[in-house]
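Q: Please take a close look at a single part of this model, starting from one position and then setting it among the other parts around which the chains can be described. I would like one connected account, with the reasoning spelled out where there is any.

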Amino acid sequence: MGDLNSQLSEAEARHLLRRTGFGADQRDVDKIINANETRGEAATRLLDFKVSKFRPRNRDIDIAHNKWIKFMIRTKSQLQEKLVLFWHDHFATSNDVVGDVSQMADQNRLFRINCKGNFRTMMDEINRDPAMMDFLDTVRNRKEEPNENYGREVKELFCLGVFDLDGNPNYTQEDIVQTARAFTGWRVNSKDQAYFDDGRHDKGTGHMDDPFPERGPKVIYAGNDAFGMNGFDYGAAAGTAYETEIDHVMDAIFQHQDSAQRNTVAHWIAYRLITFFADPEPETSYVEAMVSASNFDTTFEISNLLFEIFVSDEFYAPLTDPTKLSVKWPVDYVVTTLRLLRMKLKSRFQFVNGGSFDEIRDELTNMGQTLLEPPSVFGWDWETSWVSSSTLLARYGFARDIIAARGRGKTTFRPDRLFDFAESPAVDPDIVVDEVTSLLGVDEGFGIGSVERTALVDYLTDGGGGLIDFSDFETRDKKLRGVVGLVLQSPRYMLH
Amino acid sequence: MPITRRQFLRRSSLATAGGLIGPSIFGRSMLQNVMAETIGDRYFVSLFLSGGNDGLNTVVPYNNGGGSLRTDYELARRSNSGGIQLAAGPGSGADEGLDFGLPTVNAFLDPNTGAQLALHPGMSAFKDMYDAGNLIVFQGCGYPEPNLSHDVSTNIWETGDPIGTLNTSKGWAGRHLEAEYSPTDIPGVTIDNSVAGEYRQTGTSVLAINRLSRFGFPFDGEYEDDDAAKLAAFDAIYGESASNGSGSAQFIGNSGIATALAAQSYPQLHTDYEAERPLFDDMYDDESIGGRTSTSRDLREVAKIIYGSAQGVPGVNARFFHLNNGGYDNHSDQGGGNPADRHYRLHREVSAAVKIFFDDLTDMAAGQTDGRQNLPDKVTILIWSEFSRRIIQNDNGTDHGTQGPMFLIGNSVDGGKVIGNHPNINSAVTDLYNGNTPYSQAAADPYRSTDFRDVYGSILKNWMNVPQGTVQATLPLDPIPDPTNYWNVSDFDLPLF
């Protein structure tokens, strides 16, 4: 737990901005420091963003993808985009399967509108979201041949998790089968609206049309602590209002208790958000404390949960414990770099104006993260799973493209615009390293250490030491681009 | 607090590319080709069908034999509209029928019922390999307490540790690599953006390479005179992370060093292959023979590495490969025997790519006296999926199921046979709803399943030449001695080669 009245140091302010946005811009750091903001005040202000209803719309998935990247680079509500990324990973719907960019854009807006709102509301909307209904086959789920694809993932990934915090299973195959029955009959019309098709719905035992008596009553979670040995009969709860069965199933899911009588949904979502924002390996007690402090298990208000996470001591632990550092997602690596270097991407294809000239979507694909096309319903694997020889080379390649972006305008990287070394015949290489590492946010906490610093100084002086003559344009341009590239490629910059 | 195996794996920070500790990319003594005594000059390729391949529409009963497999199959898989049944008999027009996939040279019979079996018509290339005695079909492969989650089941197949006996996140083949290779070796390559779970471990380096042509270290072309200085600084920075970093920093340090090192030797493999084997380079892209697919192109990358490695290119030691093909999770739109159907296209993609690959190896070996000699005898491919599908179909698709077939392919494979019994697909003995055959290792069970660890272990023992005792330690028996449910195989003596 933490002290929400604790005043933020500059290092803490930077950490908060990195985790809740894309890099710590000095102007945003100054805002916190000049106002003497506390953890609580800063968290409240960051969470108080005005919800944008942006949707990355285009006929072409590549352009839609790149519009979203462009929006991330220029948005003032960086936390909103971080949250949209989180929910996109959580409900990992892929246009590879859906094949409808407009539906994907609508889902993206659904995340933006609900990103800090009520999780139950979000689930109710996801249940009826056309992209999701197509992705996990709700539209193909009918009484004759129930399709359990969505019924499984709504438990395994979206709401409960396979196992609880103590490693005990949260549900059975029978629960999945019974859940799938509730979703039979739901379809999408030509205007991309969900509707209930009574004729395709499994009305269940006892109904005159029921041809499947062997399926039994619509009961889930028999034996769960929240419902007792007989479980919850959502069919009986809905009665003949069959279209409400999915809401009664949701009621049950949101009351589900794990093996230690904790609310399962609240702890699963808290665990996920904590691993995203604060700690890749949280202690169970930390997860429990965040749920308890925010009352997330009764209100399911996401912003309250986020507030508690953002003021907790564990959130700030990476400043003193390097094992708590987190590997930046590829999209974070890219957007952070562009924001810190005040660069824009070029043309509607949004490419870095140097090096490979690959469009940004291809660069991200090579790093292992094609937005709107997650690899599977499990989303992306985080942390060190982002790191392989192939994905590292893609990050090195992006860094190279950045420093090779030449010419004029906002799409180029011009060291003289960022650093004031022009016409200097005798520059201390340590000062150059200071300025570059400070700009890129790797100078504090477990920043670039003495060995790395020596390597960078050796690079700047070609091993000769002493002062550098930066009055010569070529030397200045070559070494400033080079040193920025090296920091962008360094292990430390990959972490935050 | 183990929440899921996936999170456990995410957390454990095990090496993907790189268990390398320490200093320099330059002057490293690894540019000699060390050959492990176990696999020797042979190669192992693992091909993962991701998403859960429908095994019941991959190896299909052609008739009843002494049982009722064909009748049961036709009850479970409909032939009317939306049906995915594969017809037995000469096909006409759109539906090619099963005669297409009925091996003709060797008997392809279910050992249990005597029913004649056929391969999916999209797998005609595999039928030919079966007839040539180069392909083994393993039936009913699975593990105790089958799990129907893609994620959990994939991890189980990767670790070879179904009920957590070892409580490990290291892959079954990774445990072998770690024991056999040093931190400075690079014995394995995954053709993907991330290293395959079966090779996960911490003791040696496994690369992830998407395309060799893009595996070079990226420099700013404007200042080439600065490249050496940049690489020296990169080396020092990464060496520090590898030696003294903690957690993820060390992991990235190790991975970066292995990457920069391999980036010096691997891109040349692409250039050499392209220049010296243009005919086969094109075949992998030839649509008319089933090429121009992600599988054919991935296998081409494997072929390039083997081509260089067999000739002793310095710095190229990879013997273990992994590639995967996705798209098998067909809850809908699976289709039957029509060449335009999804499952048909997947089967054609994989089988045609494997054929091109072996034709390539055969041509590479022709007339050679160096390491390329007899190359097709030195390569084996294992094909597997995380689970099969439900016996009863749904609307033109199938939900998650349990046991499925595996394939082992190669000129050294003692093929043209089927090992294990066809699963019991009689819906009367299964739960209509859950619709899966229970896993059984009971010796008396006529539908006894094949434990996939028996296949892995037999490969370790007979292809990697790992001693029996070491294989047993790598793949230990389950602790609960329940012969009806748990693994009771211990000899790893499946007749494979």
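A: In this predicted model, B:Asp370 is found in the loop of chain B that runs between helix 11 (342–365) and strand 8. B:Asp370 has 9 other C-beta atoms within 10 Å, and because a residue with 12 or fewer is classed as exposed, B:Asp370 counts as exposed. Its C-alpha atom and that of B:Gly312 are separated by 8.9 Å, although the two residues are 58 residues apart along the chain. For chain B as a whole, 73% of the contacts between residues at least 6 apart in sequence join residues at least 24 apart.

The loop that holds B:Asp370 leads to strand 8, and strand 8 (residues 379–385) pairs with strand 9 of chain B in the antiparallel sense over three bridges. Within strand 9, B:Phe407 is the residue that stands opposite B:Ile383. Strand 9 (residues 404–409) also pairs with strand 4 (residues 135–142) of chain B, again in the antiparallel sense, over five bridges, and in this pairing B:Leu135 has B:Ile409 of strand 9 as its bridge partner. Six of the six residues of strand 9 are buried, so this strand is largely enclosed by the rest of the structure. Over chain B, which has 13 helices and 11 strands, buried residues make up 60% of the 497 residues.

Chain B also meets chain A, with 61 residues of chain B in contact with 66 residues of chain A. On the chain A side, the elements that give two or more residues are helix 10 (149–159), helix 11 (173–182), helix 21 (389–403), helix 24 (450–460), helix 25 (473–489) and helix 26 (491–494). The largest share, nine residues, comes from helix 21 of chain A, while by class the residues on this side divide into 26 nonpolar, 21 polar and 19 charged.

One partner of helix 21 of chain A is helix 7 (residues 248–262) of chain B, and the axes of these two helices come within 9 Å and cross at roughly 80 degrees. That angle makes helix 21 of chain A roughly perpendicular to helix 7 of chain B. Helix 21 of chain A brings A:Ser389, A:Leu392 and A:Leu393 to this contact, where they meet B:Ser255, B:Gly256, B:Ala258, B:Thr259 and B:Ala262 of helix 7 of chain B. By class, this helix contact has four nonpolar and four polar residues, and no charged residues.

Elsewhere in chain A, helix 8 (residues 119–127) has A:Phe119, A:Met122, A:Met123, A:Ile126 and A:Asn127 as its buried residues. Seen down the axis of helix 8, these buried residues fall within an arc of 135 degrees, so they line one face of the helix. They pack against several helices of chain A, including helix 9 (130–135) and helix 10.

A:Asp137 is found in the loop between those two helices, helix 9 and helix 10 of chain A, and has a positive phi of about 70 degrees although it is not a glycine. With 25 C-beta neighbours inside 10 Å, A:Asp137 counts as buried, whereas B:Asp370 is exposed.

Definitions and conventions. Residues are numbered from 1 along each chain as its sequence is written. Chains are lettered from A and ligands numbered from 1 in the order in which they are written. This is a predicted model: local features need pLDDT of at least 70, side-chain atom pairs count only at pLDDT 80 or more; totals for chains, interfaces and linings use all residues. Two residues are in contact if their C-beta atoms, placed from the backbone, lie within 7 Å. Helices (H or I, at least four residues) and strands (E, at least two) are DSSP runs, numbered from the N terminus. Ala, Val, Leu, Ile, Met, Phe, Trp, Tyr, Cys and Pro count as nonpolar, Asp, Glu, Lys and Arg as charged, and the others, Gly among them, as polar. A residue is buried if 20 or more other C-beta atoms lie within 10 Å of its own, exposed if 12 or fewer, and partly exposed in between; C-beta atoms are placed from the backbone. The arc is that of the directions from the helix axis to the C-beta atoms. Axes are lines fitted to C-alpha atoms, for helices over the stretch in contact, and angles run from 0 to 180 degrees between N-to-C directions. Angles under 35 degrees count as roughly parallel, over 145 as roughly antiparallel, 65 to 115 as roughly perpendicular and the rest as oblique. Two strands pair if DSSP finds at least two bridges between them.
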